[in-house]
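I opened my notebook to go through this protein piece by piece. These are my running entries, kept short.

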Amino acid sequence: MNKNFFLAAIFLSGIFFTGCGDKNVETEKPLLVKVQKVDLQNSAGEENYSGTVRGRYETNMSFQVGGKIISRNVQAGSFVEAGNILMTIDPKDVAEQTRNAEAQVSSAAARMNLARTNFERYSELFQENAISAATLDQYRAEYDSATATYESAIAQAQQAQNSLGYTNLTANAPGIISSVNAEVGQVVTAGQTVLTLIQTDEPEIAVSVPENKISEIQIGMPVTVKFWAIDGDFSGRVREISPLADSSSRTFPVRISLQNPPPEIRFGMTANIFLSEKNSAGQKIILPTSAIFRTGDKNQVWLVKENKLTLKDVEVTGFDSNSVAVKGINPGDTVVVAGVHKLREGMEVRTEN
């Protein structure tokens, strides 16, 4: 009885210890890593700027002569055609100047004719040896001087005559009046701005770009334009980049030309400009700063391929507080974005689902 009990105890204890051994032997699982798959949504270079519809050509209009404004035929917002009279100044003073100039021409002509007659008479006397050469030279000089005075008077009279046409301020191109700076009864000087004309045939978008982003923009770069008041996307290109920043805002003025301006467009409308780069191999990708593994002077990232790790050299082309722009990886790559300093080449890992 005791012998059978002893054998049974040995058998049961063997089963118990064998079960405990199986529980302690477990297969080690690959390390779980946090990853990010590179796709087009991660591409760098897309910036959104607010802009205003402006005219490519905005002309400050002014009279070429001074005077008192006697009529104004336009107001802010008026559409005009080339040749339309916009404002007129009183022509009486200019007309008086013209008559005075014409009188000066007549007077100069009379003096020139007298000088020519005297020169011809004394030339005959000189041929007869009746006068000296010095006397003849004196009358020749008087005739030359009178001729020059006559020609000068003619030029001044022509200028005065032209001034009569300058009393009407005319539009040099079709457009819209954006502002009026003078009223009827006001005396203006030559060159003083009295109104501004915006030509309507080439609308474009004016935007301001921060100085830390201006290096990413190039003339000719394609952009997408969206208007707040007009449905749809429109194509444009960067036409002009100012070489100088605005002194107050420290931003650079940039002009965007529209390739297919909508007919509903109006000056002063707001628009959003999207400057974007198409992503491809070798272009910039946005990653968290925690994805960069730095060894010496190299910047690298861990790529996961077939559940194994491999290091890839990258070029950092830009960064901010939480992300970096890199080149050297492609859309579709899987990048480890956390705990990169605890990993090793060829290590088998598993990723988050």
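The entries below go from the whole chain to single residues and pairs.

**Entry 1: overall look**

I noted at the start that this is a predicted model. I counted up the secondary structure and got three helices and 23 strands. Then I looked at burial: of the 353 residues in the protein, 33% are buried. The accessible surface comes to about 21,800 Å², and carbon and sulfur atoms account for 49% of that. I also checked how far along the chain the contacts reach. Taking contacts between residues at least 6 apart in sequence, 73% join residues at least 24 apart.

**Entry 2: aromatic pairs**

How many aromatic pairs does a search of the whole structure find? I got four. One of them is Tyr122 with Tyr139, a stacked pair at 3.9 Å centre to centre with 10° between the planes. This pair links distant parts of the chain, since Tyr122 belongs to helix H2 (residues 92-127) and Tyr139 to helix H3, 17 residues apart.

I wanted to know how covered the two tyrosines are. Tyr122 has 21% relative accessibility, so I put it down as partly exposed. The cut-off for buried is under 20%. Tyr139 has a relative accessible area of 18%, so I logged it as buried.

Another pair I looked up is Phe293 with Trp302, which is tilted: 5.7 Å centre to centre and 45° between the planes. Both Phe293 and Trp302 are buried.

**Entry 3: Ala133**

Ala133 sits in helix H3, which covers residues 133-165. Is Ala133 buried or partly exposed? Its relative accessibility is 40%, so it goes down as partly exposed. I also took the C-alpha to C-alpha distance from Ala133 to Tyr122: 9.9 Å in space, with the two residues eleven apart in sequence.

**Entry 4: a lysine over a ring**

I checked Lys226 as well. Its charged end sits over the ring of Phe274, 5.1 Å from the ring centre.

**Entry 5: strand E7 and its sheet**

Which strands make up the open sheet of four? I read the order as E8-E7-E5-E10, with antiparallel pairing. E8 and strand E10 (187-188) are the edge strands, each pairing on one side only.

I then went through the partners of E7. Strand E5 (residues 67-72) runs antiparallel to E7 and is joined to it by three bridges. Here Arg72 stands opposite Met87 in E7. Strand E8 (residues 168-170) also pairs with E7 in the antiparallel sense, again over three bridges. On that side I found Thr88 opposite Asn168 in E8, and Ile85 opposite Thr170 in E8.

Why is E7 (residues 85-89) described as largely enclosed by the rest of the structure? Four of its five residues are buried, so that description follows.

**Entry 6: the nonpolar cores**

The largest nonpolar core has 23 residues, and those touching the most other members are Ile205, Val225, Phe227, Val238, Ile256, Ile273 and Leu275. I listed the strands that each supply at least two residues of this core: E3 (47-55), E12 (203-210), E13 (222-227), E14 (233-241), E15 (251-258) and E16 (270-275). E15 gives the most, with four residues.

I picked Val225 for a closer look at its contacts. Leaving aside neighbours within four places in sequence, Val225 is in contact with Ile205, Gly232, Asp233, Phe234, Ile256, Leu258, Ala271, Asn272 and Ile273.

Apart from the largest core lies another one, of 18 residues, and I noted Met87, Ile89, Leu169 and Ile177 among them. Met87 is familiar from the previous entry, where it stands in E7 opposite Arg72.

**Entry 7: Pro261**

My last stop was Pro261, in the loop between E15 and E16. With a relative accessible area of 37%, Pro261 counts as partly exposed. How far apart are the C-alpha atoms of Pro261 and Ser235? I got 8.4 Å, for two residues 26 apart along the chain.

How values were computed
Residues are numbered from 1 along each chain as its sequence is written. This is a predicted model: local features need pLDDT of at least 70, side-chain atom pairs count only at pLDDT 80 or more; totals for chains, interfaces and linings use all residues. Side-chain values use heavy atoms; hydrogens and water are left out. Buried means under 20% relative accessible area, exposed over 50%, partly exposed in between (1.4 Å probe, protein chains only). Contact means heavy atoms within 4.5 Å. Accessible areas come from the Shrake-Rupley method with a 1.4 Å probe; for residues, only the protein chains shown count as cover. Rings of Phe, Tyr and Trp (its six-membered ring) pair if their centres lie within 6.5 Å; planes under 30 degrees apart count as stacked, over 60 as edge-to-face and the rest as tilted. A charge sits over a ring if NZ of Lys or CZ of Arg is within 6 Å of the ring centre and within 35 degrees of the ring normal. Two strands pair if DSSP finds at least two bridges between them. A nonpolar core is a set of buried Ala, Val, Leu, Ile, Met, Phe, Trp, Tyr and Cys residues joined through side-chain atoms within 4.5 Å.
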